[in-house]
Structure formats: structure tokens, C-alpha cells
Amino acid sequence: MQGKVEICGVNTARLKTLRNDEMNRLLKRSRQGDEEARQQLIEGNLRLVLSVIQRFMGRGENPDDLFQVGCVGLLKAIANFNTDLNVRFSTYGVPMIEGEVKRYLRDYSAIRVSRSVRDTAYKVLQCKEAMMAQGEHEPTLEQIAQKLGLSTQAVSEAMDAMSAPVSLHEPVYSDGGDPLTVMDQVRDTKNTDEQWIERIALREAMARLAEREKRILSLRFFDGKTQMEVASEVGISQAQVSRLEKNAITTLRKAICVS
């Protein structure tokens, strides 16, 4: 959205802002059905919507679409905000707007989420919004889980499903030099130097075995067959399979230890 002044025909450089006392006065009038006050609230909080959707830019989404979805969240926040609570509107409005955007990104994402997880995610969002409307603080995972009768893990997985995918090349930090990206923070625990060396040593050790020994090891440890099943397939006795298997493993151990 950098360099873009207009979104949905709205000049973002001229967005209005409201003082806290104006906000409270308009919110009370809006709750009484004053449409003019509601319109002023919408116009006075579009900058809030803009600040939220900026977090979701750079993912190929149309800024106009995100802005419209964010405005839906703003409307819900205005309709459900409790003016009797001692909390600023932005504290309640930001999570509502963010939740609406996340819901949109989840539903229209190229990565499909299972129906059961998606249904749980909807329940979590609705529960979170309802609990925020009743209290001053955002509920914890444990509180939402207890309210819905779910495990904390199920709630956590549902909330993760609502998050839009992040590019590995997305910058997360910059200190004047080259930015630190998500990829820089991801560690490959599978293909480490030690494991590569072990694989090379094992492959070289396997090359020293006879074909029948290789086949026996493959049937035993890759196909998961018993020695009796291997004996029947190879055409030798179970005792022979046991002896050849032990000899092959001993050969491998010696070769790997020497290397």
C-alpha cells in the first residue's frame, strides 16, 4: 500500500481522527440509534482500519478488499462496544477489525483448512468477541477453551488456522542493513551437517554388503517383515536369515565407526 493514497475512493491522507471525549459522546448517541453519530464514528475511525490492514499487506491481497473487510470489523465494533466499560474504543476495535480480516484471509486463502477446524475457528472468534464485549481485556486461550468446553490445544490450532500464511522472504527486522527475514529464523532440524555425514557413511557401508544381505535388511527394517516372512520370501531358513542379518549389521557398524 506504500505510495497508494486512495483506497475504495477514500483519500487516506485526509482521514479524520476523533478525540476520546468525542468518541464517547458519539458512541452513546449511536447506541441510541443516531445514524449521523454512527456515520461520524465510521469516518473518524477509518485511520484505525488503515493501521490494522497495513499488517496484512505484501501478501498479494488487494488493498481495497482488505480495507472493505476491515470496515466490516469496524461496524461490528461500533455496534457491540460497551460504553459503560472503562476502556478505549481502539482497545476493543483493533482486535475486532483484525479478526474480521483474518477470517476473510482464511476463507479465501489458497491453503484450505478442514471443515472441523474452520468451524472451531468460527466458534473461537465469536466467543472471543463476546467475551471482549463483556470485559476490559482480551481473553486468554485458557479462558476461551473453558468457555467452549474445548482443550487449549484445539483453541490454539483453530486460531493458528485463522492466520494468513507468511512468505519466507518477508522481513521481520531491519537495522539499517540487510533485513532479517522469516527464512533466517527457520532452522532445519532434519538436514543437519551431522545427519548428512551419517547418511553418506551409511550409504558407503551399505555398498560393501552382498545383494542378499541388502535385501534382507530392506525387508526387515524398511518393510517391517519378520525373520520368518523374510526367510519365506528369500527362500532360506529363518536361522540363515538371522545369521545374515547379524553379520550385515556388524559390517555396517564397523564401517561407520571406522569412517
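A residue is taken as buried when its relative accessible area is under 20%. In this predicted model, Glu245 falls in that class because its relative accessible area is 8%. Glu245 also forms a salt bridge with Arg220, with 2.7 Å between the closest N and O atoms. This contact links distant parts of the chain, as Glu245 belongs to helix α12 (residues 238–258) and Arg220 to helix α10, 25 residues apart. Arg220 has a further partner to look at: its charged end sits over the ring of Phe221, 5.5 Å from the ring centre.

In total, the structure contains 12 salt bridges. Another of them joins Arg215 and Glu233, at 3.6 Å from N to O. Here helix α10 (residues 211–221) is linked to helix α11 (residues 227–234), the two residues being 18 apart. Arg215 is partly exposed at 41% relative accessibility, and Glu233 is partly exposed at 35%. Elsewhere, Arg19 and Glu22 form a salt bridge with their closest N and O atoms 3.5 Å apart. Glu22 is buried, at 19% relative accessible area. Shared partners bring Arg19, Asp21 and Glu22 into one network of salt bridges.

Turning to the aromatic rings, two pairs are found. Phe81 and Phe89 have ring centres 5.4 Å apart and planes at 80°, so this pair is edge-to-face. Phe81 is buried at 4% relative accessible area, and Phe89 is likewise buried at 3%. The rings of Phe81 and Tyr92 lie with centres 5.7 Å apart and planes at 50°, so they count as tilted. Phe81 sits in the loop between α4 (63–80) and α5 (89–107) and Tyr92 in helix α5, so their pairing ties together parts 11 residues apart in sequence. Ring pairs thus link Phe81, Phe89 and Tyr92 into a cluster.

Notes
Residues numbered from 1 in each chain as written. Predicted model: local features only at pLDDT ≥ 70, side-chain atom pairs only at ≥ 80, totals over all residues. Heavy atoms only, no water. Phe/Tyr/Trp six-rings, centres within 6.5 Å; stacked < 30°, edge-to-face > 60°. Buried < 20%, exposed > 50% of the residue type's maximum accessible area, 1.4 Å probe, protein only. Helix = DSSP H or I, 4+ residues; strand = E, 2+ residues; numbered from the N terminus. Lys NZ or Arg CZ within 6 Å of the ring centre and 35° of its normal. Salt bridge = Lys/Arg side-chain N within 4 Å of Asp/Glu carboxyl O.
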